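This report describes one protein chain, with attention to a helix, the strands around it, a pocket and a few individual residues. The sequence and the structure are shown first.

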Amino acid sequence: MAPVPAASLLTTERPPLPVPPALAPVLPDGLRRGATTVVLGSTSLVLSLLAHACATGAWAALVGQPAVGLLAAAQAGVALERLAVVPAPGPDAALVVAALVDGLDVVLVGPQVTLTDVDRRRLSARARERGAVLLSTTPWVGAGAVLDVAPGRWTGVGEGDGYLRTHQATVLRSGRGSAAVPRSVELTLPLPRPGEGPAPEGSTPTLVQPARTGLRLVG
């Protein structure tokens, strides 16, 4: 019998990374090693995915996502001691992402990463070889699963000021292979941090400044 390549063993024998329990209907296998997953429309959901992955010891990286600060990541439960941040990868973005895929468990690719479709295919292939998880907050050709957060209802804000406390949203899943059959789930964001139960009503607020000074989302 022909020997099994080491890269195949790495991808298939290592267990998938866990996801928030509320996402089980759309990601029943968790974040599979070697897979590429797209999350559109919700920074909160992306950070929750990173937090649950890091909670089991995974190392992660944020690349080209400068709008996400370390405070927001920490509040979502991301273990900052296992998080690398590259806000602006520059013209060699594909090489930067490839190097991170070689050494880390989860690499989040944001909108400030300039890639061609050829780059994306090569990076997906590299993730499969290394057993890493690629997450993207922009469309990605050939992604295994796409989570699209449809606009929902915010609660907590007054007439132009106050606190946005929760966001009721619908997550639509599409993709390839086992994700080819569309599924959806209703969520209340932000999701609980790893190890916590359901968040109390009105917790983890996101501040909205009064309308006279302009709207600004913090976190």
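A residue is called buried here when its relative accessible area is under 20%, and exposed when that value is over 50%. The model under discussion is a predicted one.

**Helix H4**

Helix H4 spans residues 93–103, and its buried residues are Ala-93, Val-97, Ala-98, Leu-100 and Val-101. Viewed down the axis of H4, these buried residues fall within an arc of 165°, so they line one face of the helix. A general property of helices is relevant to such a pattern: an α-helix has 3.6 residues a turn, so residues three or four places apart point the same way. On the other side of H4, Leu-95 and Gly-103 are exposed. The cover over the buried residues of H4 includes strands E2 (60–63), E3 (83–86), E4 (106–109) and E5 (133–136), together with helix H5 (117–130).

**Strand E4 and its partners**

Strand E4 is covered on both faces. Val-106 and Leu-108 are buried on one side, and Val-107 and Val-109 are buried on the other. The pairings of E4 with E2 and with E5 are set out below.

| Strand pair | Sense | Bridges | Residues opposite each other |
|---|---|---|---|
| E2 and E4 | parallel | 4 bridges | Leu-62 and Leu-108 |
| E4 and E5 | parallel | 4 bridges | Leu-134 and Val-107 |

Between E4 and E5 the chain passes through H5, and this β-α-β crossover is right-handed.

**Val-85 in strand E3**

Val-85 belongs to strand E3. Its relative accessibility is 38%, and Val-85 therefore counts as partly exposed. Once neighbours within four places in sequence are left aside, Val-85 is in contact with Leu-62 and Leu-70. Val-85 and Leu-62 lie 23 residues apart in sequence, while their C-alpha atoms are 4.8 Å apart in space. Leu-62 is also the residue that stands opposite Leu-108 in E4.

**The second largest pocket**

The second largest pocket holds about 460 Å³ of space. It is lined by 27 residues, of which Arg-32, Ala-35, Gly-144, Ala-145 and Arg-176 are the closest to its centre. Strand E1 (36–40) and helix H5 are the elements that give two or more residues to this lining. Which element gives the most to the lining of the second largest pocket? That element is H5, with 4 residues. Helix H5 thus appears in three settings: in the cover over the buried residues of H4, in the crossover from E4 to E5, and in the lining of this pocket.

**A cis peptide bond**

Leu-189 and Pro-190 are joined by a cis peptide bond, with omega at about 0°. Pro-190 is located in the loop that lies between strand E8 (183–189) and strand E9 (206–208).

**The chain as a whole**

The secondary structure of the protein chain amounts to 5 helices and 9 strands. Along the sequence, these elements follow the pattern α-β-α-β-α-β-α-β-α-β-β-β-β-β. The chain has 219 residues, of which 42% count as buried. Considering contacts between residues at least 6 apart in sequence, 65% join residues at least 24 apart.

Note on methods. Residues are numbered from 1 along each chain as its sequence is written. This is a predicted model: local features need pLDDT of at least 70, side-chain atom pairs count only at pLDDT 80 or more; totals for chains, interfaces and linings use all residues. Side-chain values use heavy atoms; hydrogens and water are left out. Buried means under 20% relative accessible area, exposed over 50%, partly exposed in between (1.4 Å probe, protein chains only). The arc is that of the directions from the helix axis to the C-beta atoms. Contact means heavy atoms within 4.5 Å. Two strands pair if DSSP finds at least two bridges between them. A crossover is right-handed if, with the strands pointing away from the viewer, the path from the first strand over the helix to the second runs clockwise. On a 1 Å grid over the protein atoms alone, a cavity is a set of points where a 1.4 Å probe fits but cannot get out, and a pocket is an open set with protein on both sides within 12 Å along at least five of seven lines; lining residues have an atom within 4 Å of a point. Grid points are joined across faces, edges and corners, and a volume is the space filled by probe spheres set on the points.
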